[in-house]
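Trainee: Please take one hairpin and look at it closely with me. Then show me what else holds my attention in this model.

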Amino acid sequence: MITTNFNRFGIFILMIFALASCKSDKKIEKELKSDKFAVDSTKLEGFFAQHPDFKDYKDELYALYSKHDNRLVWFDTDGRNEFAEVLYDKARKLGSEGVTGKLPYSDKYESMFASRGNKPNLENDILISSMYFYYADKVYKGIDPQKSKDMGWYLPRPKKSLVDYLDELMKDEDLINKDETALYPMYYNLRTALHRYRKIRDSGGWGTITLPEGTKVINPGDDMPAVAQLRKRLYISGDLKSDNGSTKYDDNLVDAVKLWQKNHSVTTDGIVGPVVIDDLNIPVEMRIKTILVNMERCRWISPDLVKNEEYIMVNIPSYKMQYIEDGKTTLESRVVVGKELNKTVIFSGKISYLVFSPYWNVPNSILQEEILPAIERDPNYLEKHNMEWHDERVRQRPGNNNSLGLVKFMFPNSNNIYLHDTPAKSLFQKDDRALSHGCVRVEKARELAIKLLEDEKNWGPDKIDAAMRAGTETSHPLNQKVPVYLAYFTALADDNGQVSFYDDVYSRDERLARQLYNE
């Protein structure tokens, strides 16, 4: 009997607490809907006066609160929502995303999130919203698009509504940690590399390789202390699976060097000369800087690019072209790109037609600077080079020695840039292949033509070969236009964060680094 009365009393007490809680929730809900927490323009302007570092996000903040009927975004009857905690954890670790700056007003945020007091607070709500826009802007958008254009980047920048993306994140709090579709996929590979290289740095780096006086190269079979240094260097960076400390340049190490050379677009001969040693001796801190620079460039490419069923990617610093179908590289070729004075433009287009046995219409700049002076020195210059005057311009007739080779791949653009074959095949054997007047010369031009036409009837390899060697210019429109992207990455990484670095052929890394580091 006593137990029964006690249970009834307990239930009564619980009911009282429940009613009190319900009244409390209703009171908080009523308060949240009151003008006390309304976010109007006056309050936002006052916020920016006290927090000027967030003024660049004024438009986004107005849009966010307008979308939420000018009410608090981060508080409800249960207090501050859990996603705010998740976001703060990400925002205070911006460095892990390759962002060099720190979250402004960090002391305020630290104090706010150190307290478990989750009572609604207007200033805190706007602070959290500003934190989101700062984080999302730095991680997902990067530097101002005009600044990237000023650095020669004309690939279309992705357009992402950070206000709409917040709605997606709030529906799934884990999305901010697991969403690897928000950015161009290479970003995530480089992020893995960044973590690896920071661990290498924090463990003391990788030292230097020093050759004995009078020695310029390490050849297979050589035995010297520098080989042990080489072995250790490649092991630390993950290019060699184990380090036995041997000073003998054995087959295992030769294979590792050749793989490193291949991945870094240098002659794959296993000979460790000054170029290779200078590259391997670059300090890890500088490599980290290069990774950060290229993570930033990844923010400038739409992640939708990889949704194309097929596309062509030319990376200028690696002197490489890839034909990608369903996410896999089905054709790869070395290329020659524009030299320093005739830089290949970073932009995109769609290959719409092929020209077989093409004429080369000499650009006016080349005519004025090269052809006309050559004609003055030798009146027979044009005939010797299979050239002729045509409509007050000079052009080179089709043939094996035509500067465009036997086929060109056209994606009409204002830059007059295209891909083409070349008779100068020896240039593809050079490590430095920034040698053209701006267009991209493709070593495997024939294979590219076959790939582009493989789904078209009556266009087998034999017909393509005949058209290339016909000596008469003909054009063929593609049934399906193929996107082509000319990009500029001096560091690329695989899924494991293993990085290949390339020469900064147009000296653009340092300028971008200054933007990121505010130097």
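**A hairpin, then the rings and the core**

Mentor: Start with one bridge: in β9, Met 387 has Gln 396 as its partner. This is a predicted model, where local features need pLDDT of at least 70, side-chain atom pairs count only at pLDDT 80 or more, and totals for chains, interfaces and linings use all residues. Residues are numbered from 1 along each chain as its sequence is written, and side-chain values use heavy atoms, with hydrogens and water left out.

Now the strands. Strands (E, at least two residues) and helices (H or I, at least four) are DSSP runs, numbered from the N terminus. Strand β8 (residues 387-390) runs antiparallel to β9, and 4 bridges join them. Two strands pair if DSSP finds at least two bridges between them. β8 and β9 make a hairpin, with 2 residues between them. In that turn, Asp 391 has a positive phi of about 55 degrees. β9 (residues 393-396) also pairs with strand β7 (residues 360-361), antiparallel, over 2 bridges. There, Asn 361 has Arg 395 of β9 as its bridge partner.

Next, the rings. The structure holds 20 aromatic pairs. Rings of Phe, Tyr and Trp (its six-membered ring) pair if their centres lie within 6.5 Å; planes under 30 degrees apart are stacked, over 60 edge-to-face, the rest tilted. Tyr 311 and Tyr 485 form an edge-to-face pair, 6.0 Å centre to centre, with 85 degrees between the planes. Tyr 311 lies in strand β3 (residues 310-315) and Tyr 485 in strand β14 (residues 474-487), so the pair ties together parts 174 residues apart in sequence. Both Tyr 311 and Tyr 485 are buried. Buried means under 20% relative accessible area, exposed over 50%, partly exposed in between (1.4 Å probe, protein chains only).

Last, the core. A nonpolar core is a set of buried Ala, Val, Leu, Ile, Met, Phe, Trp, Tyr and Cys residues joined through side-chain atoms within 4.5 Å. The largest one has 138 residues, and Ile 312 and Leu 419 have the most contacts inside it. Helix α6 (residues 122-141) gives the largest share of this core, 12 residues. A second, separate core has 20 residues, including Ile 218 and Tyr 249. Contact means heavy atoms within 4.5 Å. Leaving aside neighbours within four places in sequence, Ile 312 is in contact with several residues, among them Met 321, Leu 419, Val 484 and Tyr 485.
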